[in-house]
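Reader: Could you take me through the ring pairs and the strand order of this model, with the reasoning behind each answer?

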Amino acid sequence: MTKHTILYDTDPGIDDALALLFLARHPDIALAGITSVFGNAGIDTTTTNALYLASRFAPDVPVARGAAAPLQQPAPEPIAHIHGNDALGDVERIGRVDKQTDGRAAHRFIVDTVRANPGEITLLAVGPMTNLALALKEDPEIATLVREVVVMGGAFGFHGTLGNATPAAEANMHADPHAADIVFGAPWKMSIVGLDVTHETVMTTAFLASLRDEAGAAGRFVWDVSRFYERFHAHGGMSRGIYAHDYSAAAFVVARELYTTRRGPVRVLTEGIATGLTIQKPLSMPETAPDWDTRPACDVCIGVDADAVLDLFARTLSN
Ligand code: BDR
Ligand code: CA
């Protein structure tokens, strides 16, 4: 029986692709759709990648094209040094892509899917939050109709880290801080999986090599696309593999017992040198803070059993 019906909002992206493999293979997950958003590359590239990944690994799942730019800023220049020119590690592609995008824009697709399945849909968002903010603008009531929202983004300083795109901002928050602040302020059940736990969850070279050798075509794909990402991480001083950013949010949906969380409303700074910084007011804090106090509480991940999270990935891909 399907336990989680997930709509996957993504900017593929190498780690987005790894998360999609997990979603497509986990027995308790049904994918209701994939929505693309700009981020790790421009919207043409991320949508092309979503179609390719769906064709290979989730052929019956519809793909809808999403936002090309943040809510209040122009589209960013493409970046190639993290995920490659094609944002999937510049490796040879396998098979034909005969999928087309759904005719609807991603935010419309989100609204329609949530309305058609009240109380059922988990929105899993692992890119800039633009599509979710646009969906809320179009139909604010969806906040009461989703089952929950799980986001990869942000950093709350638990291990001394506040950002990866800037010293003060994680990439998905930095890409569209206005959208993120809207999404964290909506009255839906919200969990945030940020750098505090993804930097603790490292897919080492040995781990990736064992998938290559033991997890068939999926494992080979993981190895191939992660070569570029691993070189990027090594350039940043990390010699032992890649961070499991987007997969961590997918793992949280099915195995939240592997995470510890802190509850409280979250704001995202939208201007200044710390644009994209995420700040939570813990519920345990007695002081008044009007910019937080009127907003709903979110669960922020602050600890993880990383070995178990990685084991879940390996077992799911190998089955
Ligand atoms: C996030 O930024 C993107 O580059 C990754 O795909 C992930 O969603 C990590 O900060
Ligand atoms: Ca991503």
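The questions and answers below concern a predicted model, and they turn to the aromatic rings before the sheet.

Reader: Is the pair formed by the rings of F207 and F313 stacked, edge-to-face or tilted?

Author: The ring centres of F207 and F313 are 6.4 Å apart, and a pair is counted when the centres lie within 6.5 Å. Planes under 30 degrees apart would count as stacked and those over 60 as edge-to-face. The planes of F207 and F313 stand at 35°, so the pair is tilted.

Reader: How many residues apart in sequence are the parts that this pair of F207 and F313 ties together?

Author: F207 and F313 are both buried, and they belong to one aromatic cluster with F22 and Y247. Because F207 lies in helix α9 (residues 205-214) and F313 in helix α13 (residues 306-318), the pair ties together parts whose separation in sequence is 106 residues.

Reader: Which strands stand at the edges of the sheet?

Author: The open sheet has 8 strands with mixed pairing, in the order β3-β2-β1-β4-β5-β6-β12-β9. Two of these strands each have a single partner strand, so one side of each is left without a neighbour in the sheet; they are β3 (63-64) and β9 (259-264).

Reader: Which residue of β4 is the bridge partner of I6?

Author: Strand β1 (residues 4-10) pairs with strand β4 (residues 121-125) in the parallel sense, over 5 bridges. For I6, the bridge partner in β4 is T122.

Definitions and conventions. Residues are numbered from 1 along each chain as its sequence is written. Chains are lettered from A and ligands numbered from 1 in the order in which they are written. This is a predicted model: local features need pLDDT of at least 70, side-chain atom pairs count only at pLDDT 80 or more; totals for chains, interfaces and linings use all residues. Side-chain values use heavy atoms; hydrogens and water are left out. Rings of Phe, Tyr and Trp (its six-membered ring) pair if their centres lie within 6.5 Å; planes under 30 degrees apart count as stacked, over 60 as edge-to-face and the rest as tilted. Helices (H or I, at least four residues) and strands (E, at least two) are DSSP runs, numbered from the N terminus. Buried means under 20% relative accessible area, exposed over 50%, partly exposed in between (1.4 Å probe, protein chains only). Two strands pair if DSSP finds at least two bridges between them.
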